[in-house]
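Please read the paragraphs below beside the sequence and the coordinates, following the helices and their contacts from one to the next.

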Amino acid sequence: MSSLERTLAERGNASASTLLRLSLGVMYLTHSIVLKLFTFGLAGTAGYFASIGLPASLAYVVFAAEALGGVLLLANVATGWVALALVPVVGGALWVHAGNGWVFSNTGGGWEYPVFLIIVSVVVALQAFALRAAVHRRSLGSVAHPA
């Protein structure tokens, strides 16, 4: 592979990772703010949680986790850990929607969207950890070792 091809591949990979991370951050942020706060309201979201047997107070925790997680992903802060920490939150949504069928447009929402978000969250985490490891390897390689 030529130097130009390697540079283009690295920049393409970095750009793709950034785009995926930003998209996921926007999704989590808008899912909390637009859906839970503006559409249903936090009290309405808490009522829904209670209606399906979850503690109503968990709605506020989920709202905060999605909002803060989205902001942290957008800011590229602790990206791998944040993306992984959000997997159980979306896992809860998967549990809620699992009985409604695959398509999210089904009555009550299906499970395709939560599964997709879990996969994207894991991919973003893996990319972040891989990038961190690559940077670490490069920094070790630049240190001169005595013979």
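A residue is called buried when its relative accessible area is under 20%, exposed when that area is over 50%, and partly exposed in between, using a 1.4 Å probe and protein chains only. The model is predicted, so local features need pLDDT of at least 70 and side-chain atom pairs count only at pLDDT 80 or more, while totals for chains, interfaces and linings use all residues. Residues are numbered from 1 along each chain as its sequence is written, and side-chain values use heavy atoms, with hydrogens and water left out.

Thr79 has a relative accessible area of 8% and is therefore buried. Thr79 lies in helix H4 (residues 79-97), where helices are DSSP runs of H or I with at least four residues, numbered from the N terminus. Setting aside residues up to four places away in sequence, Thr79 touches Arg21, Leu73, Val124 and Ala128, contact meaning heavy atoms within 4.5 Å.

Leu73 and Val124 also appear in the largest nonpolar core, which has 18 residues, and together with Leu24, Tyr28 and Leu86 they touch the most other members. Helices H1 (3-39), H2, H3 (58-75), H4 and H5 (112-141) each supply at least two residues of this core. Such a core is a set of buried Ala, Val, Leu, Ile, Met, Phe, Trp, Tyr and Cys residues joined through side-chain atoms within 4.5 Å. With the same sequence neighbours left out, Leu86 touches Tyr28, Ala65, Glu66, Gly69 and Leu73.

Leu94, also placed in helix H4, is partly exposed because its relative accessible area is 24%. Beyond residues up to four places away in sequence, Leu94 touches Trp111, Pro114, Val115 and Ile118.
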